[in-house]
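Work through the exercises below with the sequence and the coordinates open. Each task is followed by a solution in steps.

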Amino acid sequence: MTRSKKNTKERIRDKGKKRKTRKYGQAPLKYSHMGTHSCWYASGAFLLIIASVWIAFRMHGAAAGFIGGFGILAMVFSGLGVRAGVKGLREREKRYIFCKLGITANVLILLVMCIIFIGGIRK
């Protein structure tokens with residue numbers, strides 16, 4: 001029995017389709033909302049750190065109040081970002097990649113800022 005060209009083309013086309021990971025009738029997973037908030041907090045804290053470095057460079061180190069205030073504000077943003085990421089992990093049936101990414105970035109920023117402040121106190 002010979003196969004027709006039409007059937008082989010259809011089989012080749014079917015092999016190229018992606019298999020569905022969800023059952024029929026279920027909606028695809030969405031990203032966690034609090035995870036995206038956590039990433040936004042991390043980017044805000046990072047921008048505050050960059051702004052404080054820029055101000056210190058432009059003012060030749062004479063703006064200690066601005067730099068300290070921005071540092072404290074960056075630590076507050078990082079703490080809020082960790083909190084938002086942990087709350088995002090409690091959302092049901094979501095993708096948690098932004099939660100994990102936000103928690104990691106916020107913890108790193110928080111650690112760096114704590115090290116900088118402890119180093120400033122010791123001098």
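## Exercise 1: a serine in a helix

Ser-78 is buried, with a relative accessible area of 0% (buried means under 20%, exposed over 50%, partly exposed in between, with a 1.4 Å probe and protein chains only). The model is predicted, so local features need pLDDT of at least 70 and side-chain atom pairs pLDDT 80 or more, while totals for chains, interfaces and linings use all residues. Residues are numbered from 1 along each chain as its sequence is written, and side-chain values use heavy atoms, with hydrogens and water left out.

Task: find the element that holds Ser-78 and list what Ser-78 touches, not counting residues up to four places away in sequence.

Solution.
- Step 1. Ser-78 belongs to helix α3; helices (H or I, at least four residues) and strands (E, at least two) are DSSP runs numbered from the N terminus.
- Step 2. With contact taken as heavy atoms within 4.5 Å, the partners of Ser-78 are Ala-45, Asn-106, Ile-109 and Leu-110.
- Step 3. Looking from Ile-109, and leaving aside neighbours within four places in sequence, the contacts are Ala-42, Ala-45, Phe-46, Ile-49 and Ser-78.

## Exercise 2: two helices

Task: compare the expected span of helix α3 (residues 64-89) with the distance between its end C-alpha atoms, then do so for α4. Which residues of each helix are buried?

Solution.
- Step 1. The expected span of a helix is 1.5 Å times one less than its number of residues.
- Step 2. For the 26 residues of α3 this gives 38 Å, and the end C-alpha atoms are 38 Å apart, which agrees.
- Step 3. α4 also has 26 residues and an expected span of 38 Å; its end C-alpha atoms lie 38 Å apart, in agreement.
- Step 4. In α3, Gly-71, Ala-74, Ser-78, Gly-81, Ala-84, Gly-85 and Gly-88 are buried. Their cover includes α2 (33-58) and α4.
- Step 5. In α4 the buried residues are Cys-99, Gly-102, Ile-103, Asn-106, Ile-109 and Met-113, and they pack against α2 and α3.
- Step 6. As background, an α-helix has 3.6 residues a turn, so residues three or four places apart point the same way.
- Step 7. At the start of the α3 range, Ala-64 is exposed, with a relative accessible area of 58%. The C-alpha atoms of Ala-64 and Ser-52, 12 residues apart along the chain, are separated by 9.4 Å.

## Exercise 3: the largest nonpolar core

Task: list the members of the largest nonpolar core and name the element that gives the most to it.

Solution.
- Step 1. A nonpolar core is a set of buried Ala, Val, Leu, Ile, Met, Phe, Trp, Tyr and Cys residues joined through side-chain atoms within 4.5 Å.
- Step 2. The largest one has 6 residues: Ala-45, Leu-48, Ile-49, Ala-74, Ile-109 and Met-113.
- Step 3. α2 and α4 are the elements that give two or more residues to this core. The most come from α2, with 3 residues.

## Exercise 4: an aromatic pair

Task: how many aromatic pairs does the structure hold, and how is the pair of Tyr-31 and Phe-98 classed?

Solution.
- Step 1. Rings of Phe, Tyr and Trp (its six-membered ring) pair if their centres lie within 6.5 Å; planes under 30 degrees apart count as stacked, over 60 as edge-to-face and the rest as tilted.
- Step 2. The structure holds 2 such pairs. In one of them, the ring centres of Tyr-31 and Phe-98 are 5.1 Å apart and the planes are at 55°, so this pair is tilted.
- Step 3. The pair links distant parts of the chain, as Tyr-31 is in strand β1 (residues 30-31) and Phe-98 in helix α4 (residues 97-122), 67 residues apart.
- Step 4. Tyr-31 is partly exposed at 38% relative accessible area; Phe-98 is partly exposed too, at 29%.
- Step 5. Arg-95 lies over the face of Tyr-31, 5.4 Å from the ring centre (CZ of Arg or NZ of Lys must be within 6 Å of the centre and within 35 degrees of the ring normal).

## Exercise 5: positive phi

Task: where do His-60 and Glu-93 lie, and are they buried or exposed?

Solution.
- Step 1. His-60, with phi near 60°, lies in the loop between α2 and α3 and is exposed at 73% relative accessible area.
- Step 2. Glu-93, with phi near 50°, lies in the loop between α3 and β2 (94-95) and is exposed at 63%.
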